[in-house]
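Colleague: Could you take me closely through one part of this model, the place where two helices pack against each other, and then work outwards to what surrounds that place? I would like a connected account rather than a list.

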Amino acid sequence: MELVGVRLEVPANAPVMMLREQVGQRRLLPIYIGNPEAAAIHYAVEGIVPARPLTHDLFRDVLETLSAQVDRVVVTEMRDHTYFAELHLTQAGKPLIVSSRPSDAVALAVRIGCPIYATDEVLEVGGQVETVEAEAEGGDEEQILAEFQDFIAGVSPDDFAE
């Protein structure tokens with residue numbers, strides 16, 4: 001899968017992470033995510049380095065310190081309208097699998113450059129075949145990026161307060 005970007009879904013103003021198959025039908029896999037995860041993915045894609053590490057940067061650094069390598073992330077299933085993912089790691093030659101939210105897994109994958117996968121079952125349930133018309137209207141990555149940058153510009157720390 002490739003990360004196409006993060007869009008702001010209108011009228012709900014909810015960020016949606018867009019993944020696309022790199023082979024085959026090139027289906028899109030839209031996954032609704034939270035504002036903090038959307039910002040974290042955006043920062044990594046744009047190469048923005050914060051003064052202090054964000055959560056995903058910290059996690060990457062901890063994995064590196066522990067000599068653990070993330071081999072891949074996999075969106076594994078959709079249950080009750082919620083997607084699930086796994087981090088496939090190797091530490092000291094031993095394979096490990098850790099459950100994750102897809103948004104956190106992708107935010108980490110973008111930081112370390114590991115591949116992103118989705119199971120066939122997930123793509124059968126949530127994958128959308130993009131039509132030529134849809135590509136002409138909404139497939140412009142520059143437009144998507146501009147919309148997301150506008151979204152990020154309007155985010156404040158109060159948006160993350162509980």
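Modeller: In this predicted model, the axes of helix H2, residues 55-65, and helix H3, residues 102-112, come within 9 Å and cross at roughly 65°. The crossing of the two helices is right-handed. On the H2 side the contact is made by His56, Asp57, Phe59, Arg60 and Leu63, and on the H3 side by Asp104, Ala107, Leu108, Arg111 and Ile112. Two packed helices are described by the angle between their axes and the distance between the axes, and the residue lists add to that description the side of each helix that is involved in the contact.

H3 deserves attention in its own right. Of its 11 residues 8 are buried, so the helix is largely enclosed by the rest of the structure; buried here stands for a relative accessible area under 20%. The buried residues are Pro102, Ser103, Ala105, Val106, Ala107, Leu108, Ala109 and Arg111. Ala107, Leu108 and Arg111 are named among these buried residues and also among those that touch H2, whereas Asp104 and Ile112 take part in the contact with H2 without appearing in the buried list. After the helix comes Gly113, with a positive phi near 80°.

What encloses H3, apart from H2, can be followed through the sheets. One of them is an open sheet of 4 strands in the order E6-E5-E4-E7, with mixed pairing. Its edges are formed by strand E6, residues 94-100, and strand E7, residues 116-118, each of which pairs on one side only. Neighbouring strands in this sheet are turned by 25° against each other on average, with direction ignored. Strand E4, residues 68-79, and strand E5, residues 82-91, run antiparallel and are joined by 10 bridges; within this pair, Val75 has Ala85 of E5 as its bridge partner. H3 lies across E4, E5, E6 and E7, and its direction is at about 40° to that of E5.

The other sheet to consider has 3 strands, is likewise open, and follows the order E1-E2-E3 with antiparallel pairing. Strand E1 (2-9) and strand E3 (28-32) stand at its edges with a single partner strand each, so one side of each has no neighbour in the sheet. From one strand to the next the twist averages 25°. Between E1 and strand E2, residues 14-20, there are 7 bridges, and the two strands run antiparallel; Leu3 stands opposite Leu19 in E2. Helix H1 packs on this sheet, where it touches E1 and E2, and its direction makes about 135° with that of E1. H3 packs on the sheet as well, touching E1, E2 and E3, with its direction at about 60° to that of E2. The helix of your request therefore has contacts with E1, E2 and E3, with E4, E5, E6 and E7, and with H2, which fits the statement that it is largely enclosed.

H1 can be set beside H3. It covers residues 35-46, 12 residues in number, and reaches 16 Å from its first C-alpha to its last, close to the 16 Å expected at 1.5 Å a residue. Its buried residues are Glu37, Ala38, Ala39, Ala40, Ile41 and His42. Gly47 follows H1 and has a positive phi near 75°.

Some backbone details belong to the loops of the 3-stranded sheet. Most residues other than glycine have a negative phi, and most peptide bonds are trans. In the loop between E1 and E2 lies Pro11, joined to Val10 by a cis peptide bond with an omega of about 5°. Asn13 is placed in the loop between E1 and E2, and although it is not a glycine its phi is positive, about 55°. Arg26, in the loop between E2 and E3, has a positive phi near 55° and counts as partly exposed at 36% relative accessibility.

As for the setting, the protein chain has 6 helices and 7 strands, and 36% of its 162 residues count as buried. Among its contacts with a separation of 6 or more, 52% are between residues 24 or more positions apart.

Definitions and conventions:
Residues numbered from 1 in each chain as written. Predicted model: local features only at pLDDT ≥ 70, side-chain atom pairs only at ≥ 80, totals over all residues. Heavy atoms only, no water. Expected span 1.5 Å × (residues − 1). Buried < 20%, exposed > 50% of the residue type's maximum accessible area, 1.4 Å probe, protein only. Pairing = 2+ DSSP bridges. Axes fitted to C-alpha atoms, helices over the stretch in contact; angles between N-to-C directions. Contact = heavy atoms within 4.5 Å. Left-handed = near helix turned anticlockwise from the far one by under 90°.
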